[in-house]
Amino acid sequence: MPLIAGLSGADGLRKPLNRYLFNVRAKYSNEAEAIVNQLVTTGMTRIAVFYQDDAYGQAGLRAVTAALARRKLEVAAAGAVPRNSVDATAAVASIARATPQAVVLVALYKPAASFIKEMNRSRAKAVTFIGFPSSVQTCCLVNWTTRRTV
């Protein structure tokens with residue numbers, strides 16, 4: 001039975017080629033390439049990554065790191081949130097210290113919302129947040145970042 005339009009952009013669903021899998025979503029590496037390209041094109045070079053500490057988040061971190069390396073840039077800072085947690089305190093501390101111009105979010109909705117709220121509370125300089133399409137859907141993120149608790 002075929003699987004059509006799975007939500008993952010993981011390489012494990014693409015290699016080796018499986019004739020019963022029909023991916024319509026871009027690979028994480030393609031998403032990272034487009035995100036980094038947009039940020040660098042607009043003049044941003046200090047780019048941090050907030051990621052979920054699991055296979056998904058680590059794949060996103062590797063993809064962003066590789067996209068930056070192709071432009072002779074490095075990740076300005078990286079901070080992780082444990083899987084199934086919204087405690088972004090440690091990640092905020094390390095990322096805010098680096099004063100990034102942008103933070104790429106590779107985490108599910110609630111941890112990403114918690115991170116943004118904590119970054120705002122930390123009074124970090126103005127930062128652009130941009131997420132992998134699977135991690136940050138605008139409607140959910142706006143809803144969770146405007147509530148008093150996450």
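**Notebook: salt bridges**

I started with Glu-33 and found its side chain meeting that of Arg-71 in a salt bridge, 2.5 Å from N to O. This pair links distant parts of the chain, as Glu-33 sits in helix α1 and Arg-71 in the loop between α2 and β4, 38 residues apart. Note to self: I'm looking at a predicted model.

Next I checked how open these two are. Arg-71 comes out as partly exposed, at 23% relative accessibility. Glu-33 is partly exposed too, at 24%.

Then I asked which other side chain Glu-33 meets in a salt bridge at 2.7 Å. That turned out to be Arg-70, again taken from N to O. Helix α1 covers residues 28–41 and holds Glu-33, while Arg-70 is in the loop between α2 (55–69) and β4 (78–82), so this pair ties together parts 37 residues apart in sequence. I also looked up whether Arg-70 is buried or exposed. Arg-70 is exposed, with a relative accessible area of 52%.

I moved on to helix α4, residues 109–121, where I found both Arg-121 and Glu-118. They are three residues apart there, about one turn of the helix. Their side chains meet in a salt bridge of 2.4 Å, N to O. Glu-118 is partly exposed, its relative accessible area being 25%.

Back to the shared partners: salt bridges join Glu-33, Arg-70 and Arg-71 into one network.

Last, I wrote down the total. The count comes to four salt bridges, and the ones in my notes include Glu-33 with Arg-70 and Arg-121 with Glu-118.

Key: Residues are numbered from 1 along each chain as its sequence is written. This is a predicted model: local features need pLDDT of at least 70, side-chain atom pairs count only at pLDDT 80 or more; totals for chains, interfaces and linings use all residues. Side-chain values use heavy atoms; hydrogens and water are left out. Helices (H or I, at least four residues) and strands (E, at least two) are DSSP runs, numbered from the N terminus. Buried means under 20% relative accessible area, exposed over 50%, partly exposed in between (1.4 Å probe, protein chains only).
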